[in-house]
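Hi,

Here is the structure I promised to pass on. Have a look at it first, and then read on for what turned up in it.

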Amino acid sequence: MSDAEWAAVRDLLPVPGWLAGRGGRPEGYCHRQMIDAVRYLVDNGIKWRAMPSDFPPWPRVYAFFARWREAGLVAELHDRLREAVRDAEGRDREPSAAVIDSQSVKADATVALTSRGFDAGKRINGRKRHLLTDTLGLLLAVLVTPASTTDRDAARLLLPAARGRFGRLARVWADGGYTGHLVDWSATQLGVVLDIVRRSDDIRGFQVL
């Protein structure tokens, strides 16, 4: 991270127990080093053991990441960053509207058959990631399923979870893949309007809906 990025992130980080007087011993490496190392691993898709030597030793980085993940601190930091961005844009910290969509991606041969499927529409054998974002494009919720899972079935899992976390959520925009009983179900069960934005038959190629 640049110094400016670190300045924005630093105050949003959880306070270590030893620093807050809750016991434990001081950590051997600063959070900036650890977060940079985790970001490097995710960005480059490397193995933990392939961590470059200018970062802290990989076992220490992994232990840091695992501890934060199990305590829910990774998601908490992400949520705080999203709220800070929305606040800077003059928005309420909690969104009232969102966009849902999915993307099928090919799975490597090492991926177990139980967690992959075939998306007949996209002709892809692999997994499907279902994303719910706010109107700024910031991530609210994500669900990964076999590619054979329909958008409607995944939405029945993703939308209730999001509605439970974001009480103001009242409207969700979606494409034609979410039509059908899901629209009525979302309104009656969740109190959320699922607004289907349809693609015109006259349009060729990619166009933002």
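Let's start with Asp151 and Lys128, whose side chains meet in a salt bridge with 3.4 Å from N to O. This pair ties together distant parts of the chain: Asp151 belongs to helix 5 (residues 151-165) and Lys128 to strand 3 (residues 124-133), 23 residues apart. Are the two buried or exposed? Both Asp151 and Lys128 are buried. Keep in mind that this is a predicted model.

There is also a network: Asp79, Arg82 and Arg165 are joined into one by salt bridges that share partners. The count of salt bridges comes to eleven.

Two more of them involve helix 4. Arg80 pairs with Glu76, and their closest N and O atoms are 2.4 Å apart. Where do these two sit relative to each other? They are four residues apart in helix 4 (residues 73-88), so about one helical turn separates them. It helps to recall that an α-helix has 3.6 residues a turn, so residues three or four places apart point the same way. Arg80 counts as partly exposed at 28% relative accessibility, and Glu76 is partly exposed too, with a relative accessible area of 29%.

The other one is Glu83 with Arg93, where the closest N and O atoms are 3.9 Å apart. Here the partners come from distant parts of the chain: Glu83 is in helix 4, while Arg93 is in the loop between helix 4 and strand 1 (97-106), ten residues apart. Glu83 is partly exposed at 26% relative accessibility, and Arg93 is partly exposed at 44%.

While you're looking at helix 4, check its length. With 16 residues at 1.5 Å a residue, helix 4 should span 22 Å, and its end C-alpha atoms are indeed 22 Å apart. Which of its residues are buried? They are Leu73, Leu77, Asp79, Arg82 and Arg86, so you can spot two members of the network, Asp79 and Arg82, among them. The buried residues of helix 4 pack against helix 1, helix 3, strand 4 and helix 5. After helix 4 comes Gly90, with a positive phi near 80°.

Helix 2 (residues 31-44) can be checked in the same manner. Its 14 residues should span 20 Å at 1.5 Å a residue, and the end C-alpha atoms are 20 Å apart, which agrees. Buried in helix 2 are His31, Met34, Ile35, Asp36, Ala37, Val38 and Leu41. Helix 1 (3-10) and helix 3 (58-70) are included in what covers them. Helix 2 is followed by Gly45, which has a positive phi near 65°.

Now for the nonpolar cores. The largest has 20 residues, and those touching the most other members are Ile100, Leu132, Leu159, Leu169, Val172, Tyr178 and Leu194. Strand 1, strand 4 (139-146), helix 5, strand 5 (171-174), helix 6 (181-190) and strand 6 (193-196) each give at least two residues to this core. Which element supplies the largest share? Helix 5 does, with four residues.

Tyr178 is a good one to click on. Leaving aside neighbours within four places in sequence, Tyr178 is in contact with Ile100, Asp101, Ser102, Asp151, Arg152, Ala155, Val183, Leu194 and Ile196. You've met Asp151 already, in the salt bridge with Lys128.

Finally, there is a second, separate core of 17 residues, including Met1, Leu13, Ala37 and Met51. Ala37 is also one of the buried residues of helix 2.

Cheers

Conventions. Residues are numbered from 1 along each chain as its sequence is written. This is a predicted model: local features need pLDDT of at least 70, side-chain atom pairs count only at pLDDT 80 or more; totals for chains, interfaces and linings use all residues. Side-chain values use heavy atoms; hydrogens and water are left out. A salt bridge is a side-chain nitrogen of Lys or Arg within 4 Å of a carboxyl oxygen of Asp or Glu. Buried means under 20% relative accessible area, exposed over 50%, partly exposed in between (1.4 Å probe, protein chains only). The expected span of a helix is 1.5 Å times one less than its number of residues. Contact means heavy atoms within 4.5 Å. A nonpolar core is a set of buried Ala, Val, Leu, Ile, Met, Phe, Trp, Tyr and Cys residues joined through side-chain atoms within 4.5 Å.
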